[in-house]
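Here are a few exercises to work through with the structure open beside you. Try each task before reading its solution.

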Amino acid sequence: MLTKFISLILIFFGSFGVSGIEINGEKELIEFIDNNISVLREEYYKEYGVVWDVNNYVEHYDLYDEHDNIKAYMLVFDNGYLTVGLDLYLYGIETQGSPQFFDFDSKIYLIGQNFYVKKNELFFPNTTEAPDLYVIDGKSLFYDDIYAKLDSAHTSLLKNFTITYSIANDLMTNSGSYGGYNIYTRTQGNYMDCGAQAAINTLYTFELSGETGITKSNNSNTERDTMRTLMNWTTTGRSYLGIMFYGIWPGEIISGMNEYLSSEYNVVSSGVFGAAYNVPAIGLYFSLKLEDTAHYAMIIGSAQSDAWWIFKTNYDVISHWNENYTHLNGVIQTKKSGTPSYYFVETQYRHDTYNIMKSTGAKWWEVWKPAWQLLEA
């Protein structure tokens, strides 16, 4: 990651006729932006047509991911602040005011678009805007405000869009490589059962890619209905504190999948996805600025495009909504041509990640061995 960061910064320096400068990480990133605030201001106006009255760098905060790794930095100015990752992914900009954290003294975690602190291994909101990660329900059918079809009609609207990582054997990266997984996806239909659908899609992707026996039959209608029941989902919805909702709570996608799976598997949240892990995962996506965007979907790849100035936009490639296998009364038949179920969504909208773990078989006294590892087909 750091090598990529250095290369991108050097390319940017070169575009301004600056060369021979070594960039070694956080310090150089902060110094570069601090020394080029006038350029930042000009580039912002060029991109958005609005004047950002920013003049001085004040301070910055380290931001961590769920696994306590540095994820990004929040740079605070005399007026406003921005959040940028080491890969130059721009998480957000506020052109007025200063960050309003509840707790400035604890580690600050960036999850999705929002900020949290960790206590007893649970994440709690660190701003008034951050939602409770444990009660958001997934109820989306399809809203194209944050999700877009992975086709040229949509990717051509972005600057230098490229697939950077893929686990799918029918999705090629910019380096010409493919993944090793047979991606399976059902049609969701008109029901808000995306949690159950994402779970079934992920399990059959493992099943069709070599982890045989993880599903209970070859009839995905039957297994979807079972998963719906285990996740407490019904077509008529449920009442919670007098309010009807039709989605699936984050805790229910975990408990439902764990009840479905045999004891050698375990589903966890605050998980991982990316080039260091050759596994599909389930993402929980939503935008607080747009209603009814909450959605669970299987993640199968990563992509990137240019944003503005030195910054980039990162995307998750997901598979959902449209079937990519034919079925006979629910029984899986043959793979369809093309990639009708592939979409992309900005990574910043992913607020949780779910992984399937598999028991290593370690005995209780073998404390030097991990009890669980990521399931990889």
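**Exercise 1. Follow the neighbours of strand E19.**
In this predicted model, find which strands pair with E19 and in what sense.

*Solution.* Start with strand E12 (residues 265-268), which pairs with E19 in the antiparallel sense over four bridges. Within this pairing, Val268 stands opposite Asn355 of E19. Next, take strand E13 (residues 281-285): its pairing with E19 is also antiparallel and has four bridges, with Gly283 opposite Thr353 in E19. Then turn to strand E20 (residues 372-374), which joins E19 in the antiparallel sense over three bridges. Here Lys358 has Gln373 in E20 as its bridge partner. Finally, check how covered E19 (residues 350-359) is: eight of its ten residues are buried.

**Exercise 2. Lay out the open sheet.**
Give the order of the seven strands in the open sheet, then work out which of them stand at the edges.

*Solution.* The order runs E4-E3-E2-E1-E5-E6-E7, and the pairing is mixed. Now look at the two ends: strand E4 (90-94) and strand E7 (122-125) each have a single partner strand, so one side of each has no neighbour in the sheet. From one strand to the next, the twist averages 35°. For a closer look at one edge, strand E3 (residues 81-85) and E4 pair in the antiparallel sense over four bridges, and Tyr81 has Glu94 in E4 as its bridge partner.

**Exercise 3. Test the geometry of helix H3.**
Compare the expected span of H3 with the distance between its end C-alpha atoms, then decide how its buried residues are placed around the axis.

*Solution.* Helix H3 (residues 37-48) has twelve residues, and at 1.5 Å a residue it should span 16 Å; its end C-alpha atoms are 16 Å apart, which agrees. Next, list the buried residues of H3: Ile37, Val39, Leu40, Glu43 and Tyr44. These cover an arc of only 150° around the axis, so they lie on the same side of H3. As a general reminder, an α-helix has 3.6 residues a turn, so residues three or four places apart point the same way. The cover over the buried residues of H3 includes helix H2 (26-35), strand E1 (57-64), strand E2 (70-77), E3 and E4. After H3 comes Gly49, with a positive phi near 70°.

**Exercise 4. Classify two residues.**
Are Arg224 and Ile136 buried or exposed, and what does each touch beyond four places in sequence?

*Solution.* Buried means under 20% relative accessible area. Arg224, in helix H6 (residues 220-230), has 15% and is therefore buried. Its contacts are Arg186, Asp193, Gln197 and Ile200. Ile136 sits in the loop between E7 and strand E8 (147-149), and at 17% Ile136 also counts as buried. Among the contacts of Ile136 are Pro131, Trp249, Phe286 and Tyr296.

**Exercise 5. Find the cores.**
Which residues touch the most other members of the largest nonpolar core, and which helix gives the most to it?

*Solution.* This core has 63 residues, of which Met227, Ile253, Met257, Tyr296, Ile300 and Ile356 touch the most other members. Helix H5 (residues 194-208) gives the most, with eight residues. Another core, of 21 residues, lies apart from it and includes Tyr73, Leu90, Trp309 and Ile310. To end, take Ile300: beyond four places in sequence, its contacts include Tyr165, Leu171, Phe273, Val317 and Tyr342.

How values were computed: Residues are numbered from 1 along each chain as its sequence is written. This is a predicted model: local features need pLDDT of at least 70, side-chain atom pairs count only at pLDDT 80 or more; totals for chains, interfaces and linings use all residues. Side-chain values use heavy atoms; hydrogens and water are left out. Two strands pair if DSSP finds at least two bridges between them. Axes are lines fitted to C-alpha atoms, for helices over the stretch in contact, and angles run from 0 to 180 degrees between N-to-C directions. The expected span of a helix is 1.5 Å times one less than its number of residues. Buried means under 20% relative accessible area, exposed over 50%, partly exposed in between (1.4 Å probe, protein chains only). The arc is that of the directions from the helix axis to the C-beta atoms. Contact means heavy atoms within 4.5 Å. A nonpolar core is a set of buried Ala, Val, Leu, Ile, Met, Phe, Trp, Tyr and Cys residues joined through side-chain atoms within 4.5 Å.
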